[in-house]
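User: Please take me through some of the labels used for this structure, and show for each how the value sits against its definition.

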Amino acid sequence: MSPQLLFLVGWRELSSVEVSMINERDNNTIGGCLAWSYYFDYLKLVLPHLNEGILQSVYRYKIEKRKLFILLPRNTINMLFSLTVAGNLESYEINRGGILKKPYKHTVHRIEMPRPDGEIDVYYLVLEYAFPLMSLFEMSQHVECGLSRRDRDEQMVMFFYKLREILDGCKDCSGKYELVPISGAREEIADELVRILQEPFDIW
């Protein structure tokens with residue numbers, strides 16, 4: 001299996017050389033272009049408002065990590081529907097693309113994680129899909145697009161690294177997101193998200 005495919009199934013991180021090779025060419029690839037589009041059309045607009053939106057919501061004391069968790073699923077676009085929706089943050093409006101007061105809002109999810117003693121730990125987080133990956137997934141299902149499953153997997157890796165590079169380079173977005181590549185079932189999603197939530201973090 002290629003290093004990109006190994007990364008997607010969670011076996012290992014890419015080396016710095018492999019990342020460099022990807023970054024040299026990803027601006028001209030589908031994955032790189034989708035990452036830029038996702039940034040300009042959505043993340044650049046919503047991430048600066050996220051912290052304020054959480055603090056003004058009923059979840060302000062329940063959400064410990066005030067970040068947008070972005071799932072990058074490898075195999076399906078329907079995994080998120082199996083997680084529990086707790087509610088939504090209040091929507092806010094932005095003038096965009098000729099649309100006055102276009103509404104934006106985020107969904108809050110809840111994860112219940114049983115402990116060995118029978119008690120249940122409850123976690124709340126703002127979570128959504130990296131929706132541009134839906135286009136990649138659908139393209140790989142149409143012969144006319146000429147995008148094989150292997151090509152799709154490679155483009156997903158390029159999307160991941162380029163998006164992280166873009167967001168880390170934006171002062172209004174850096175530290176306000178968490179990219180979560182995933183390839184398994186609902187339990188794996190919950191386990192991975194809880195692992196991230198339990199990591200030390202900075203309050204901003």
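Analyst: What follows is a set of questions and answers on burial, salt bridges and backbone angles. The model is predicted, so local features need pLDDT of at least 70 and side-chain atom pairs count only at pLDDT 80 or more, while totals for chains, interfaces and linings use all residues. Residues are numbered from 1 along each chain as its sequence is written, and side-chain values use heavy atoms, with hydrogens and water left out.

User: Why is Tyr-161 called buried or exposed?

Analyst: Buried means under 20% relative accessible area, exposed over 50%, and partly exposed in between, with a 1.4 Å probe and protein chains only. Tyr-161 has a relative accessibility of 4%, so it counts as buried. This residue is found in helix α5, helices being DSSP runs of H or I with at least four residues and strands runs of E with at least two, numbered from the N terminus. The C-alpha atom of Tyr-161 is separated by 8.5 Å from that of Gly-32, although the two are 129 residues apart along the chain.

User: Which residues of helix α4 are buried, and how do you know where they lie around the helix?

Analyst: In α4, which spans residues 132-139, the buried residues are Pro-132, Leu-133 and Leu-136. Seen down the axis, they fall within an arc of 100°, so they line one face of the helix; the arc is that of the directions from the helix axis to the C-beta atoms. These buried residues pack against α3 (30-55), β1 (68-73) and α5 (149-168), where contact means heavy atoms within 4.5 Å.

User: What makes Glu-178 and Lys-67 a salt bridge?

Analyst: A salt bridge is a side-chain nitrogen of Lys or Arg within 4 Å of a carboxyl oxygen of Asp or Glu, and the N to O distance between Lys-67 and Glu-178 is 3.2 Å. Glu-178 lies in strand β7 (residues 177-182) and Lys-67 in the loop between α3 and β1, so the pair ties together parts that are 111 residues apart in sequence. Lys-67 has a relative accessible area of 17% and is therefore buried. The structure holds eight salt bridges.

User: What makes the phi of Lys-101 worth a remark?

Analyst: Phi of Lys-101 is near 55°, a positive value in a residue other than glycine, whereas most residues other than glycine have a negative phi. Lys-101 is found in strand β4 (residues 99-104), and with a relative accessible area of 56% it is exposed.
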